[in-house]
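Here's a quick walk through a model you may want to load in your viewer. Keep the sequence to hand while you read.

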Amino acid sequence: MNMKRLLYLLPLVFAFATGCIPKSNTPPSNTIPQGTFTGQFKLTHTSSKTGLKDSLTANIQLQIEPATGYTVTGDTATVHAGSFGSYGVNQSNYTMLFVDKTFPPTGTPKKIHLAGVYDYIFNGTNLQLVAYGALDTLTYYYNLKYTGN
């Protein structure tokens, strides 16, 4: 076989060989979250005077569907409010905007609502959301896992 033919066949052999390599089970990191997620919400407060931290947690379920919006259920008795609304995803800067239809129009809500802009990381299974509250002394953190559609 002459060298010219070998050079023409080399890309074909390479393409065939790489097709036989097992694929990774890791989903792409730029996947848009949708479906049902369960896990923990954590509110962390850092005292601006002492620097000490305290926190509150709740186990929640978050359903995200492009056609219908989002719903928060689960342990919504004391820390986190059960709520629903619409949402949007900006993949270029990894943010999600939640517009909570149950958020009170005036005053301060008694419980935390999933509302506003959150940074997110999603790998197809684990969804993490984080936002910062007043004067960066509050952190709202969701550590959720995909549980199905």
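What follows covers confidence, the overall fold, the strand pairs and the core.

Keep in mind that this is a predicted model, so let's start with how far to trust it. The average pLDDT for the protein is 84, and 80% of the residues reach at least 70. Helix H1 (residues 3-19) has the lowest confidence, with a mean of 40, while strand S3 (residues 69-74) has the highest, at 98. Residues 1-30 have a pLDDT below 50, and this stretch makes 12 contacts in the model beyond near neighbours in sequence. Where pLDDT is low, the predicted coordinates shouldn't be read in detail.

Now for the fold. The protein has one helix and eight strands, and the helix is at the N-terminal end of the running order, α-β-β-β-β-β-β-β-β. The eight strands close up into a barrel with antiparallel pairing, in the order S1-S2-S3-S4-S5-S6-S7-S8. From one strand to the next, the twist averages 35°.

A few global numbers help here too. The protein has 149 residues, and 28% of them count as buried. Its accessible surface is about 9,800 Å², with 59% of that belonging to carbon and sulfur atoms. Of the contacts with a separation of 6 or more, 45% link residues 24 or more positions apart.

Here are some of the strand pairs you can check by eye.

| Strand pair | Sense | Bridges |
|---|---|---|
| S1 (residues 35-46) and S8 (residues 138-148) | antiparallel | 10 bridges |
| S5 and S6 | antiparallel | four bridges |
| S6 and S7 | antiparallel | four bridges |

For landmarks in these pairs, try Thr-44, whose bridge partner in S8 is Thr-139. Leu-97 sits opposite Val-117 in S6, and Phe-122 sits opposite Leu-127 in S7. The hairpin of S6 and S7 has three residues between its strands, and Gly-124 there adopts a positive phi near 100°.

On to the core. Which residues touch the most other members of the largest nonpolar core? They are Leu-62, Leu-114, Leu-127, Leu-129 and Tyr-142, out of 25 residues in that core. At least two core residues come from each of S1, S2 (53-65), S3, S5 (95-100), S6 (116-122), S7 (126-132) and S8.

Tyr-142 is a handy place to centre your view. Leaving aside residues up to four places away in sequence, Tyr-142 touches residues including Phe-41, Ile-60, His-80, Tyr-118, Leu-127 and Leu-129. Polar partners can be picked out of that list as well, among them Gln-40 and Gln-128.

His-80 deserves a look of its own. Where does His-80 sit? His-80 lies in the loop between S3 and strand S4 (83-90). Is His-80 buried or exposed? His-80 has a relative accessible area of 0%, so it counts as buried, the cut-off being under 20%. Among the residues His-80 touches, again not counting those up to four places away in sequence, are Ala-58, Val-72, Asp-75, Lys-111 and His-113. Ile-112 is on that contact list as well. Although His-80 and Ile-112 are 32 residues apart in sequence, their C-alpha atoms are 4.7 Å apart in space. Phe-41, Ile-60, Ile-112, His-113 and Leu-114 appear among the contacts of both Tyr-142 and His-80.

Notes: Residues are numbered from 1 along each chain as its sequence is written. This is a predicted model: local features need pLDDT of at least 70, side-chain atom pairs count only at pLDDT 80 or more; totals for chains, interfaces and linings use all residues. Side-chain values use heavy atoms; hydrogens and water are left out. Buried means under 20% relative accessible area, exposed over 50%, partly exposed in between (1.4 Å probe, protein chains only). Contact means heavy atoms within 4.5 Å. Accessible areas come from the Shrake-Rupley method with a 1.4 Å probe; for residues, only the protein chains shown count as cover. Two strands pair if DSSP finds at least two bridges between them. Axes are lines fitted to C-alpha atoms, for helices over the stretch in contact, and angles run from 0 to 180 degrees between N-to-C directions. pLDDT is the predictor's confidence in each residue, from 0 to 100. A nonpolar core is a set of buried Ala, Val, Leu, Ile, Met, Phe, Trp, Tyr and Cys residues joined through side-chain atoms within 4.5 Å.
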